[in-house]
Amino acid sequence: MAETKSISAIEQVLIDDFSLFDTWEEKYEYLIDIGKKLALLDPSYKTEEYKIKGCQSSVWIHSTYKDGLVYFEGDSDAIIVKGLVSLMIMVLSGHTPKEIVDAPLDFINAIGLSSHLAQTRSNGLRAMIKQMKLDAAAWGS
Amino acid sequence: MTDHKPFDVEQLRELFPILKRKVKGKDLVYFDNAATSQKPQSVVDAVSNYYSTYNANIHRGLHTLADEATAAYEESREAVKQFIGASTHEEIIFTKGTTEGINLVASSWGRANLNPGDEIIISTLEHHSNIVPWQMIAEERGASINVIPIDDNGVLDINAFKKLLNEKTKLVSIIHVSNALGVINPVEEIISLAHKQGALVMVDGAQSVVHLDIDVQKLDCDFMAFSGHKIYGPTGVGVLYGKKALLEAMPPYQGGGEMIKEVTFEKTTYNELPFKFEAGTPNIADVIALKTAIDFINAEGKPRMRAYEETLLTYATDKLKAIEGLKIIGDVPHKVSVISFIIDGVHPQDLAILLDNQGIAVRTGHHCAQPLMKRLGIVGTTRASFAPYNTIAEIDTLVSALHKALKMLK
(Lines give C-alpha, C1' and ligand atoms only; values in the text may rest on other atoms or scores of the structure.)
Protein backbone atom coordinates (compact mmCIF):
# COMPACT_ATOMS: atom_id res chain seq x y z
CA MET A 1 0.00 0.00 0.00
CA ALA A 2 2.63 2.43 1.11
CA GLU A 3 4.69 1.88 -2.02
CA THR A 4 1.90 2.88 -4.32
CA LYS A 5 0.19 5.70 -2.47
CA SER A 6 1.62 9.10 -1.77
CA ILE A 7 1.97 10.30 1.80
CA SER A 8 -0.93 12.70 1.40
CA ALA A 9 -3.10 9.95 -0.10
CA ILE A 10 -2.46 7.72 2.90
CA GLU A 11 -3.20 10.64 5.20
CA GLN A 12 -6.53 11.08 3.42
CA VAL A 13 -7.38 7.40 3.94
CA LEU A 14 -6.77 7.82 7.67
CA ILE A 15 -8.78 11.03 7.80
CA ASP A 16 -11.66 9.19 6.10
CA ASP A 17 -11.32 6.25 8.50
CA PHE A 18 -11.47 8.44 11.57
CA SER A 19 -14.33 10.50 10.18
CA LEU A 20 -16.55 7.43 10.58
CA PHE A 21 -16.44 8.00 14.32
CA ASP A 22 -18.42 10.74 16.03
CA THR A 23 -17.23 10.59 19.60
CA TRP A 24 -13.81 10.93 21.15
CA GLU A 25 -14.32 7.51 22.74
CA GLU A 26 -14.72 5.81 19.37
CA LYS A 27 -11.74 7.65 17.87
CA TYR A 28 -9.59 6.66 20.81
CA GLU A 29 -10.75 3.05 20.81
CA TYR A 30 -9.81 2.92 17.13
CA LEU A 31 -6.40 4.46 17.84
CA ILE A 32 -5.82 2.02 20.72
CA ASP A 33 -6.78 -0.81 18.42
CA ILE A 34 -4.32 0.41 15.78
CA GLY A 35 -1.67 0.52 18.50
CA LYS A 36 -2.36 -3.02 19.58
CA LYS A 37 -2.04 -4.24 16.00
CA LEU A 38 1.36 -2.63 15.44
CA ALA A 39 3.91 -5.24 14.37
CA LEU A 40 6.26 -6.19 17.18
CA LEU A 41 9.53 -4.35 17.21
CA ASP A 42 12.56 -6.60 17.44
CA PRO A 43 13.67 -6.32 21.10
CA SER A 44 17.22 -5.64 19.95
CA TYR A 45 15.99 -2.21 18.81
CA LYS A 46 14.27 -1.39 22.09
CA THR A 47 17.42 0.19 23.41
CA GLU A 48 18.55 3.67 24.40
CA GLU A 49 20.00 4.10 20.92
CA TYR A 50 16.58 3.94 19.26
CA LYS A 51 14.63 5.57 22.08
CA ILE A 52 13.03 8.96 21.63
CA LYS A 53 13.00 10.66 24.97
CA GLY A 54 9.55 12.06 25.60
CA CYS A 55 8.48 13.43 28.94
CA GLN A 56 6.29 10.51 29.96
CA SER A 57 6.36 7.51 27.70
CA SER A 58 9.11 5.75 25.82
CA VAL A 59 9.04 5.55 22.04
CA TRP A 60 11.45 3.52 19.96
CA ILE A 61 11.83 4.06 16.22
CA HIS A 62 14.06 1.98 13.97
CA SER A 63 14.49 2.67 10.29
CA THR A 64 15.96 0.78 7.34
CA TYR A 65 16.71 1.87 3.79
CA LYS A 66 16.06 -0.26 0.71
CA ASP A 67 15.93 0.65 -2.99
CA GLY A 68 15.75 4.36 -2.24
CA LEU A 69 12.91 4.03 0.27
CA VAL A 70 12.88 4.40 4.05
CA TYR A 71 11.05 1.82 6.18
CA PHE A 72 10.13 2.37 9.81
CA GLU A 73 9.21 0.14 12.68
CA GLY A 74 8.57 1.20 16.24
CA ASP A 75 6.98 0.72 19.63
CA SER A 76 5.91 2.57 22.77
CA ASP A 77 5.18 1.53 26.33
CA ALA A 78 1.98 3.64 26.31
CA ILE A 79 -0.80 2.25 24.13
CA ILE A 80 -2.21 5.56 22.85
CA VAL A 81 1.26 6.70 21.89
CA LYS A 82 1.78 3.31 20.26
CA GLY A 83 -1.31 4.06 18.18
CA LEU A 84 0.30 7.33 17.12
CA VAL A 85 3.56 5.51 16.30
CA SER A 86 1.54 3.12 14.20
CA LEU A 87 -0.20 5.95 12.34
CA MET A 88 3.13 7.62 11.62
CA ILE A 89 4.59 4.38 10.31
CA MET A 90 1.56 3.81 8.07
CA VAL A 91 1.96 7.29 6.65
CA LEU A 92 5.73 7.57 6.32
CA SER A 93 7.11 4.08 5.80
CA GLY A 94 8.05 3.14 2.23
CA HIS A 95 8.71 6.64 0.93
CA THR A 96 11.77 8.44 -0.26
CA PRO A 97 13.81 10.51 2.18
CA LYS A 98 12.73 13.70 0.42
CA GLU A 99 9.03 12.83 0.55
CA ILE A 100 9.32 12.09 4.27
CA VAL A 101 11.29 15.22 5.09
CA ASP A 102 8.89 17.42 3.11
CA ALA A 103 5.66 15.88 4.46
CA PRO A 104 3.61 18.51 6.33
CA LEU A 105 1.81 15.75 8.29
CA ASP A 106 -1.24 17.78 9.20
CA PHE A 107 -3.54 14.74 9.21
CA ILE A 108 -3.28 14.51 13.03
CA ASN A 109 -5.28 17.73 13.23
CA ALA A 110 -7.66 16.62 10.52
CA ILE A 111 -8.60 13.31 12.16
CA GLY A 112 -9.81 15.23 15.19
CA LEU A 113 -7.45 13.69 17.71
CA SER A 114 -5.24 16.66 18.39
CA SER A 115 -7.93 18.54 20.28
CA HIS A 116 -8.04 15.56 22.61
CA LEU A 117 -4.30 15.27 22.94
CA ALA A 118 -3.77 18.05 25.42
CA GLN A 119 -0.38 16.74 26.30
CA THR A 120 1.23 17.54 23.00
CA ARG A 121 4.53 18.22 24.65
CA SER A 122 4.56 15.07 26.71
CA ASN A 123 3.03 12.63 24.28
CA GLY A 124 6.16 12.98 22.26
CA LEU A 125 4.38 13.25 18.93
CA ARG A 126 6.51 16.14 17.79
CA ALA A 127 9.68 14.41 18.96
CA MET A 128 8.58 11.29 17.11
CA ILE A 129 8.00 13.16 13.84
CA LYS A 130 11.28 15.02 14.20
CA GLN A 131 13.21 11.77 14.71
CA MET A 132 11.56 10.05 11.74
CA LYS A 133 12.41 13.02 9.52
CA LEU A 134 15.98 13.07 10.83
CA ASP A 135 16.32 9.35 10.10
CA ALA A 136 14.98 9.90 6.60
CA ALA A 137 17.32 12.82 6.02
CA ALA A 138 20.26 10.72 7.19
CA TRP A 139 19.41 7.91 4.75
CA GLY A 140 19.05 10.43 1.95
CA SER A 141 22.37 12.15 2.50
CA MET B 1 -10.04 32.65 62.53
CA THR B 2 -13.42 31.14 61.79
CA ASP B 3 -12.56 27.58 62.70
CA HIS B 4 -15.88 26.86 64.34
CA LYS B 5 -18.00 27.61 61.29
CA PRO B 6 -19.10 24.34 59.63
CA PHE B 7 -17.21 23.70 56.43
CA ASP B 8 -19.32 24.44 53.38
CA VAL B 9 -17.59 23.30 50.21
CA GLU B 10 -20.18 24.87 47.91
CA GLN B 11 -19.63 28.24 49.55
CA LEU B 12 -15.86 27.82 49.18
CA ARG B 13 -16.18 26.87 45.52
CA GLU B 14 -17.99 30.14 44.88
CA LEU B 15 -14.74 31.95 45.67
CA PHE B 16 -12.86 30.17 42.85
CA PRO B 17 -14.08 31.37 39.44
CA ILE B 18 -12.15 28.75 37.45
CA LEU B 19 -14.17 25.92 39.01
CA LYS B 20 -17.12 26.97 36.87
CA ARG B 21 -15.38 26.24 33.61
CA LYS B 22 -15.93 23.30 31.32
CA VAL B 23 -13.21 21.15 29.85
CA LYS B 24 -14.06 19.30 26.64
CA GLY B 25 -17.71 19.90 27.36
CA LYS B 26 -17.57 18.50 30.89
CA ASP B 27 -17.42 20.18 34.28
CA LEU B 28 -13.78 20.64 35.23
CA VAL B 29 -12.59 18.26 37.93
CA TYR B 30 -9.30 19.71 39.11
CA PHE B 31 -7.20 17.15 40.94
CA ASP B 32 -3.77 18.62 40.17
CA ASN B 33 -3.57 20.82 43.24
CA ALA B 34 -0.13 19.58 44.21
CA ALA B 35 1.17 21.06 40.95
CA THR B 36 -0.56 24.36 41.53
CA SER B 37 -3.67 25.35 43.43
CA GLN B 38 -6.43 27.41 41.90
CA LYS B 39 -6.81 31.04 42.98
CA PRO B 40 -9.70 32.66 44.78
CA GLN B 41 -11.17 35.76 43.13
CA SER B 42 -9.66 37.89 45.90
CA VAL B 43 -6.14 36.93 44.78
CA VAL B 44 -6.93 37.64 41.14
CA ASP B 45 -8.41 40.99 42.21
CA ALA B 46 -5.37 41.85 44.32
CA VAL B 47 -3.09 41.56 41.29
CA SER B 48 -5.47 43.52 39.12
CA ASN B 49 -6.08 46.14 41.79
CA TYR B 50 -2.36 46.75 42.21
CA TYR B 51 -1.85 47.39 38.51
CA SER B 52 -5.06 49.42 38.22
CA THR B 53 -4.62 51.69 41.20
CA TYR B 54 -1.13 51.90 42.75
CA ASN B 55 1.46 50.35 40.44
CA ALA B 56 4.85 51.87 41.29
CA ASN B 57 8.37 50.73 42.00
CA ILE B 58 8.96 50.18 45.67
CA HIS B 59 11.31 51.33 48.42
CA ARG B 60 12.88 54.37 46.80
CA GLY B 61 10.18 56.44 45.14
CA LEU B 62 9.18 59.56 47.02
CA HIS B 63 5.63 59.73 45.81
CA THR B 64 2.25 58.47 46.94
CA LEU B 65 2.01 55.48 44.63
CA ALA B 66 5.49 54.28 45.62
CA ASP B 67 4.54 54.67 49.26
CA GLU B 68 1.38 52.64 48.83
CA ALA B 69 3.10 49.91 46.83
CA THR B 70 5.98 49.73 49.33
CA ALA B 71 3.57 49.50 52.25
CA ALA B 72 1.57 46.70 50.60
CA TYR B 73 4.75 44.83 49.68
CA GLU B 74 6.10 45.01 53.21
CA GLU B 75 2.71 44.11 54.68
CA SER B 76 2.92 40.94 52.68
CA ARG B 77 6.31 40.18 54.23
CA GLU B 78 4.78 40.71 57.65
CA ALA B 79 1.89 38.38 56.76
CA VAL B 80 4.32 35.69 55.65
CA LYS B 81 6.33 36.15 58.84
CA GLN B 82 3.26 35.50 60.94
CA PHE B 83 2.03 32.73 58.67
CA ILE B 84 5.14 30.61 59.26
CA GLY B 85 6.09 31.90 62.69
CA ALA B 86 9.38 33.59 61.81
CA SER B 87 10.86 35.84 64.48
CA THR B 88 11.49 38.89 62.29
CA HIS B 89 10.59 40.20 58.85
CA GLU B 90 14.31 40.14 58.06
CA GLU B 91 14.08 36.36 57.83
CA ILE B 92 11.58 36.49 54.97
CA ILE B 93 13.12 36.71 51.50
CA PHE B 94 10.83 36.92 48.51
CA THR B 95 11.86 34.69 45.62
CA LYS B 96 10.31 33.38 42.41
CA GLY B 97 9.42 30.13 44.12
CA THR B 98 10.73 27.13 46.01
CA THR B 99 13.32 26.34 43.37
CA GLU B 100 14.89 29.77 43.60
CA GLY B 101 14.91 29.58 47.39
CA ILE B 102 16.86 26.32 47.33
CA ASN B 103 19.21 27.64 44.66
CA LEU B 104 19.81 30.76 46.72
CA VAL B 105 20.88 28.76 49.77
CA ALA B 106 22.89 26.23 47.75
CA SER B 107 24.69 28.99 45.89
CA SER B 108 25.17 31.61 48.60
CA TRP B 109 25.50 29.51 51.75
CA GLY B 110 27.14 26.64 49.87
CA ARG B 111 29.84 28.75 48.25
CA ALA B 112 30.74 30.33 51.57
CA ASN B 113 30.57 27.22 53.73
CA LEU B 114 31.19 24.05 51.76
CA ASN B 115 34.70 22.72 51.46
CA PRO B 116 36.24 19.67 49.81
CA GLY B 117 35.23 16.54 51.72
CA ASP B 118 32.09 18.08 53.22
CA GLU B 119 28.84 16.21 52.91
CA ILE B 120 25.23 17.14 52.18
CA ILE B 121 22.35 14.80 52.91
CA ILE B 122 19.16 14.69 50.86
CA SER B 123 16.58 11.89 50.49
CA THR B 124 15.33 9.53 47.82
CA LEU B 125 12.01 11.40 47.88
CA GLU B 126 13.42 14.72 46.66
CA HIS B 127 12.00 16.74 43.81
CA HIS B 128 14.67 17.52 41.22
CA SER B 129 14.79 21.08 42.52
CA ASN B 130 16.13 19.78 45.82
CA ILE B 131 18.69 17.57 44.10
CA VAL B 132 20.21 19.49 41.23
CA PRO B 133 21.17 22.74 43.08
CA TRP B 134 23.07 20.64 45.64
CA GLN B 135 24.78 18.61 42.94
CA MET B 136 25.88 21.82 41.24
CA ILE B 137 27.35 23.38 44.38
CA ALA B 138 28.81 20.06 45.59
CA GLU B 139 30.64 19.66 42.33
CA GLU B 140 31.92 23.21 42.48
CA ARG B 141 33.09 22.92 46.09
CA GLY B 142 34.32 19.32 46.06
CA ALA B 143 31.62 18.23 48.49
CA SER B 144 29.59 15.06 48.19
CA ILE B 145 25.92 14.11 48.50
CA ASN B 146 24.46 11.26 50.53
CA VAL B 147 20.92 10.05 50.09
CA ILE B 148 18.55 8.77 52.79
CA PRO B 149 16.91 5.56 51.55
CA ILE B 150 13.16 4.82 51.73
CA ASP B 151 11.00 1.73 51.95
CA ASP B 152 8.58 0.67 49.21
CA ASN B 153 5.90 3.01 50.54
CA GLY B 154 8.14 6.05 50.46
CA VAL B 155 8.86 6.14 54.19
CA LEU B 156 12.30 7.42 55.11
CA ASP B 157 14.72 5.06 56.81
CA ILE B 158 15.63 7.15 59.85
CA ASN B 159 18.18 4.63 61.09
CA ALA B 160 19.99 4.89 57.79
CA PHE B 161 19.85 8.68 58.14
CA LYS B 162 21.48 8.44 61.57
CA LYS B 163 24.28 6.42 60.03
CA LEU B 164 24.76 8.92 57.21
CA LEU B 165 25.12 11.81 59.67
CA ASN B 166 28.70 12.47 60.69
CA GLU B 167 31.07 15.30 61.47
CA LYS B 168 31.52 15.99 57.73
CA THR B 169 27.77 16.58 57.26
CA LYS B 170 27.28 20.30 56.81
CA LEU B 171 23.67 20.44 55.69
CA VAL B 172 20.59 18.28 55.32
CA SER B 173 18.03 19.39 52.75
CA ILE B 174 14.79 17.50 52.99
CA ILE B 175 11.39 17.60 51.35
CA HIS B 176 8.75 18.10 54.06
CA VAL B 177 5.95 16.39 52.14
CA SER B 178 6.71 14.25 49.09
CA ASN B 179 5.24 15.89 46.00
CA ALA B 180 5.06 12.53 44.23
CA LEU B 181 3.47 10.49 47.03
CA GLY B 182 2.08 12.91 49.63
CA VAL B 183 4.00 11.22 52.44
CA ILE B 184 4.88 13.53 55.36
CA ASN B 185 8.48 13.25 56.49
CA PRO B 186 9.44 13.45 60.18
CA VAL B 187 11.29 16.74 59.75
CA GLU B 188 11.25 17.56 63.49
CA GLU B 189 13.26 14.42 64.20
CA ILE B 190 15.54 15.00 61.22
CA ILE B 191 16.24 18.56 62.35
CA SER B 192 16.95 17.53 65.90
CA LEU B 193 19.30 14.73 64.83
CA ALA B 194 21.10 16.96 62.33
CA HIS B 195 21.55 19.77 64.83
CA LYS B 196 23.08 17.36 67.34
CA GLN B 197 25.66 16.62 64.70
CA GLY B 198 26.17 20.31 63.99
CA ALA B 199 24.57 20.23 60.54
CA LEU B 200 22.05 22.78 59.25
CA VAL B 201 18.69 21.75 57.85
CA MET B 202 16.83 23.19 54.88
CA VAL B 203 13.19 22.18 54.51
CA ASP B 204 11.54 22.11 51.08
CA GLY B 205 8.07 23.22 52.10
CA ALA B 206 6.57 23.41 48.60
CA GLN B 207 3.98 20.72 49.37
CA SER B 208 3.61 21.13 53.12
CA VAL B 209 2.84 24.78 53.75
CA VAL B 210 -0.64 24.62 52.24
CA HIS B 211 -1.66 21.62 54.36
CA LEU B 212 0.29 21.62 57.61
CA ASP B 213 0.62 24.19 60.38
CA ILE B 214 4.07 25.68 60.07
CA ASP B 215 6.03 27.27 62.87
CA VAL B 216 9.62 27.63 61.77
CA GLN B 217 10.81 28.57 65.24
CA LYS B 218 9.24 25.54 66.84
CA LEU B 219 10.44 23.36 64.00
CA ASP B 220 13.88 24.95 64.39
CA CYS B 221 14.71 24.51 60.70
CA ASP B 222 17.50 26.73 59.45
CA PHE B 223 15.99 27.39 56.04
CA MET B 224 12.62 26.74 54.49
CA ALA B 225 11.51 27.45 50.94
CA PHE B 226 8.00 27.39 49.51
CA SER B 227 5.97 28.71 46.58
CA GLY B 228 3.06 31.12 46.51
CA HIS B 229 1.23 29.36 43.70
CA LYS B 230 0.71 26.18 45.70
CA ILE B 231 -0.98 28.09 48.54
CA TYR B 232 -3.70 29.78 46.44
CA GLY B 233 -1.37 32.65 45.56
CA PRO B 234 0.04 33.79 42.21
CA THR B 235 2.79 32.07 40.27
CA GLY B 236 6.21 33.68 40.22
CA VAL B 237 6.43 34.42 43.92
CA GLY B 238 7.89 32.31 46.67
CA VAL B 239 9.46 32.63 50.06
CA LEU B 240 12.79 31.71 51.50
CA TYR B 241 12.88 31.69 55.27
CA GLY B 242 16.30 31.64 56.90
CA LYS B 243 17.49 32.18 60.44
CA LYS B 244 18.68 35.77 60.68
CA ALA B 245 22.21 35.00 61.85
CA LEU B 246 22.71 32.59 58.95
CA LEU B 247 21.30 34.99 56.36
CA GLU B 248 23.42 37.83 57.70
CA ALA B 249 26.57 35.79 57.35
CA MET B 250 25.74 34.72 53.81
CA PRO B 251 27.06 36.62 50.78
CA PRO B 252 24.49 38.08 48.35
CA TYR B 253 23.05 35.71 45.75
CA GLN B 254 22.63 38.17 42.89
CA GLY B 255 23.97 41.66 42.41
CA GLY B 256 21.97 44.64 41.22
CA GLY B 257 19.62 47.32 42.41
CA GLU B 258 17.78 47.12 45.72
CA MET B 259 20.43 44.89 47.34
CA ILE B 260 23.09 47.57 47.71
CA LYS B 261 23.87 50.17 50.34
CA GLU B 262 26.52 52.06 48.41
CA VAL B 263 28.15 51.43 45.08
CA THR B 264 31.43 52.84 43.86
CA PHE B 265 33.57 51.37 41.13
CA GLU B 266 36.05 50.34 43.79
CA LYS B 267 33.72 48.65 46.24
CA THR B 268 30.06 48.02 46.93
CA THR B 269 28.51 47.62 50.34
CA TYR B 270 25.38 45.57 50.63
CA ASN B 271 21.97 46.43 51.91
CA GLU B 272 20.67 44.92 55.10
CA LEU B 273 18.33 41.97 55.38
CA PRO B 274 16.07 41.06 53.74
CA PHE B 275 16.88 43.40 50.83
CA LYS B 276 20.40 42.01 50.46
CA PHE B 277 18.82 38.96 48.79
CA GLU B 278 16.25 40.78 46.68
CA ALA B 279 18.26 42.25 43.82
CA GLY B 280 16.35 44.07 41.12
CA THR B 281 12.73 45.16 41.00
CA PRO B 282 10.85 42.31 42.64
CA ASN B 283 7.58 40.74 41.58
CA ILE B 284 5.62 43.42 43.40
CA ALA B 285 2.10 42.55 42.23
CA ASP B 286 2.37 38.88 43.04
CA VAL B 287 4.11 39.45 46.36
CA ILE B 288 1.22 41.72 47.34
CA ALA B 289 -1.34 39.15 46.20
CA LEU B 290 0.45 36.48 48.23
CA LYS B 291 -0.79 38.27 51.32
CA THR B 292 -4.33 38.01 49.96
CA ALA B 293 -3.82 34.27 49.58
CA ILE B 294 -2.57 34.03 53.16
CA ASP B 295 -5.57 36.08 54.31
CA PHE B 296 -7.79 33.58 52.51
CA ILE B 297 -6.13 30.63 54.27
CA ASN B 298 -6.35 32.35 57.64
CA ALA B 299 -10.01 33.22 57.13
CA GLU B 300 -10.92 29.68 56.13
CA GLY B 301 -8.68 28.14 58.76
CA LYS B 302 -5.96 25.65 57.84
CA PRO B 303 -7.07 23.00 60.38
CA ARG B 304 -10.63 23.26 59.13
CA MET B 305 -9.60 22.85 55.50
CA ARG B 306 -7.23 20.04 56.47
CA ALA B 307 -10.01 18.15 58.22
CA TYR B 308 -12.12 18.33 55.07
CA GLU B 309 -9.14 17.26 52.92
CA GLU B 310 -8.78 14.23 55.21
CA THR B 311 -12.39 13.30 54.45
CA LEU B 312 -11.69 13.51 50.71
CA LEU B 313 -8.47 11.53 51.10
CA THR B 314 -10.09 8.72 53.08
CA TYR B 315 -13.05 8.48 50.72
CA ALA B 316 -10.87 8.51 47.59
CA THR B 317 -8.40 6.02 49.05
CA ASP B 318 -11.19 3.52 49.75
CA LYS B 319 -12.82 4.00 46.35
CA LEU B 320 -9.58 3.77 44.39
CA LYS B 321 -8.33 0.72 46.27
CA ALA B 322 -11.46 -1.11 45.16
CA ILE B 323 -10.38 -0.81 41.51
CA GLU B 324 -8.86 -4.06 40.33
CA GLY B 325 -5.12 -3.93 39.80
CA LEU B 326 -4.78 -0.46 41.32
CA LYS B 327 -2.03 0.06 43.85
CA ILE B 328 -1.49 3.22 45.88
CA ILE B 329 2.15 4.14 46.36
CA GLY B 330 2.68 5.82 49.69
CA ASP B 331 -0.39 4.38 51.40
CA VAL B 332 0.69 5.43 54.88
CA PRO B 333 -1.10 7.13 57.78
CA HIS B 334 1.06 10.26 57.73
CA LYS B 335 0.27 11.89 54.46
CA VAL B 336 -1.49 14.89 52.93
CA SER B 337 -4.41 14.76 50.51
CA VAL B 338 -2.45 13.28 47.62
CA ILE B 339 -2.97 9.85 46.11
CA SER B 340 -0.36 8.46 43.78
CA PHE B 341 -1.23 5.18 42.14
CA ILE B 342 -0.33 2.69 39.46
CA ILE B 343 -2.59 0.19 37.70
CA ASP B 344 -1.34 -3.17 36.47
CA GLY B 345 -0.57 -3.11 32.77
CA VAL B 346 -1.64 0.51 32.28
CA HIS B 347 0.71 3.33 31.36
CA PRO B 348 -0.02 6.51 33.39
CA GLN B 349 0.08 8.62 30.23
CA ASP B 350 -2.75 6.65 28.63
CA LEU B 351 -4.82 7.21 31.76
CA ALA B 352 -4.09 10.94 31.82
CA ILE B 353 -5.18 11.40 28.20
CA LEU B 354 -8.39 9.46 28.71
CA LEU B 355 -9.16 11.27 31.98
CA ASP B 356 -8.51 14.66 30.40
CA ASN B 357 -11.08 13.83 27.75
CA GLN B 358 -13.53 13.40 30.60
CA GLY B 359 -12.71 16.81 32.08
CA ILE B 360 -10.46 15.49 34.83
CA ALA B 361 -7.05 17.03 35.51
CA VAL B 362 -4.60 14.71 37.22
CA ARG B 363 -0.85 14.57 37.01
CA THR B 364 1.02 11.63 35.57
CA GLY B 365 4.64 10.78 35.08
CA HIS B 366 7.71 10.93 37.25
CA HIS B 367 6.61 14.10 39.09
CA CYS B 368 10.10 15.59 38.71
CA ALA B 369 11.40 12.85 40.98
CA GLN B 370 13.15 10.45 38.62
CA PRO B 371 15.45 8.93 41.26
CA LEU B 372 12.37 8.14 43.38
CA MET B 373 10.62 6.44 40.46
CA LYS B 374 13.78 4.46 39.75
CA ARG B 375 13.93 3.34 43.39
CA LEU B 376 10.27 2.28 43.24
CA GLY B 377 10.90 0.47 39.96
CA ILE B 378 8.14 2.27 38.06
CA VAL B 379 8.04 4.67 35.10
CA GLY B 380 5.66 6.99 36.90
CA THR B 381 2.37 7.22 38.69
CA THR B 382 -0.97 8.88 38.28
CA ARG B 383 -1.42 11.46 41.01
CA ALA B 384 -4.70 12.91 42.20
CA SER B 385 -4.19 15.73 44.70
CA PHE B 386 -7.10 17.30 46.51
CA ALA B 387 -7.86 20.81 47.70
CA PRO B 388 -10.67 21.94 50.01
CA TYR B 389 -12.74 23.06 47.02
CA ASN B 390 -12.91 19.50 45.71
CA THR B 391 -15.95 17.37 46.43
CA ILE B 392 -16.93 13.78 47.11
CA ALA B 393 -18.97 13.91 43.89
CA GLU B 394 -15.82 14.80 41.96
CA ILE B 395 -14.07 11.77 43.41
CA ASP B 396 -16.99 9.63 42.23
CA THR B 397 -16.54 11.20 38.78
CA LEU B 398 -12.85 10.27 38.86
CA VAL B 399 -13.62 6.69 39.81
CA SER B 400 -16.18 6.20 37.06
CA ALA B 401 -13.89 7.93 34.55
CA LEU B 402 -11.11 5.55 35.56
CA HIS B 403 -13.37 2.57 35.01
CA LYS B 404 -14.27 3.91 31.58
CA ALA B 405 -10.60 4.53 30.70
CA LEU B 406 -9.61 1.05 31.82
CA LYS B 407 -12.36 -0.48 29.75
CA MET B 408 -11.11 1.41 26.70
CA LEU B 409 -7.51 0.36 27.28
CA LYS B 410 -8.05 -3.30 28.04
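Helices (H or I, at least four residues) and strands (E, at least two) are DSSP runs, numbered from the N terminus. This is a predicted model: local features need pLDDT of at least 70, side-chain atom pairs count only at pLDDT 80 or more, and totals for chains, interfaces and linings use all residues. Residues are numbered from 1 along each chain as its sequence is written, chains are lettered from A and ligands numbered from 1 in the order in which they are written, and side-chain values use heavy atoms, with hydrogens and water left out.

**Exercise 1. Salt bridges within helices**

Task: Find the salt bridge of A:Asp102 and describe the place of each partner.

Solution:
- Start with the rule. A salt bridge is a side-chain nitrogen of Lys or Arg within 4 Å of a carboxyl oxygen of Asp or Glu.
- Apply it. A:Asp102 pairs with A:Lys98, and their closest N and O atoms are 2.5 Å apart.
- Locate the pair. Both residues lie in helix H4 (residues 97-102) of chain A, four residues apart, about one turn of the helix.
- Recall the geometry. An α-helix has 3.6 residues a turn, so residues three or four places apart point the same way.
- Check accessibility. Buried means under 20% relative accessible area, exposed over 50%, partly exposed in between (1.4 Å probe, protein chains only).
- Classify. A:Asp102 is partly exposed at 48%, while A:Lys98 is exposed at 61%.

Task: Do the same for B:Lys81 and B:Glu78.

Solution:
- Their side chains meet in a salt bridge, 3.2 Å from N to O.
- Both sit in helix H3 (residues 64-84) of chain B, three residues apart, about one turn of the helix.
- B:Lys81 has a relative accessible area of 17%, so this residue is buried. B:Glu78 has 30%, so this one is partly exposed.

**Exercise 2. A salt bridge between elements**

Task: State which elements the salt bridge of B:Lys321 and B:Asp331 joins.

Solution:
- The closest N and O atoms of B:Lys321 and B:Asp331 are 2.8 Å apart.
- The pair links distant parts of the chain, ten residues apart. B:Lys321 is in helix H11 (residues 302-321) of chain B, and B:Asp331 is in the loop between strand S13 (326-329) and strand S14 (338-343) of chain B.
- B:Lys321 is partly exposed at 46%. B:Asp331 is partly exposed at 31%.
- For the full tally, the rule gives 27 salt bridges over all chains.

**Exercise 3. Aromatic pairs in chain B**

Task: Classify the ring pair B:Tyr50 and B:Tyr54.

Solution:
- Take the rule. Rings of Phe, Tyr and Trp (its six-membered ring) pair if their centres lie within 6.5 Å; planes under 30 degrees apart count as stacked, over 60 as edge-to-face and the rest as tilted.
- Count. There are 15 aromatic pairs over all chains.
- Read the geometry. The centres of B:Tyr50 and B:Tyr54 are 5.2 Å apart and the planes stand at 85°, so the pair is edge-to-face.
- Place the rings. They are four residues apart in helix H2 (residues 41-54) of chain B, separated by about one helical turn.
- Check burial. B:Tyr50 is buried at 2%, and B:Tyr54 is buried at 12%.

Task: Now take B:Tyr232 and B:Tyr389.

Solution:
- This pair is edge-to-face, with 6.4 Å centre to centre and 70° between the planes.
- The two residues are 157 apart in the chain. B:Tyr232 is in the loop between strand S9 (223-227) and strand S10 (238-242), and B:Tyr389 is in the loop between strand S17 (381-385) and H14.
- Both B:Tyr232 and B:Tyr389 are buried.
- Ring pairs join them with B:Phe16 and B:Phe296 in a cluster.

**Exercise 4. Where the chains meet**

Task: Describe the interface of chain B and chain A.

Solution:
- Count contacts, meaning heavy atoms within 4.5 Å. Here 19 residues of chain B touch 21 residues of chain A.
- Look for salt bridges. The rule finds one across the interface: A:Glu25 with B:Lys404, at 2.5 Å between the closest N and O atoms.
- List the elements. Helix H12 (348-356), strand S16 (363-365) and helix H14 (392-409) of chain B each give two or more residues to the side that touches chain A.
- Rank them. H12(B) gives the most, with six residues.
- Check burial of H12(B). Nine of its nine residues are buried, so the helix is largely enclosed by the rest of the structure.
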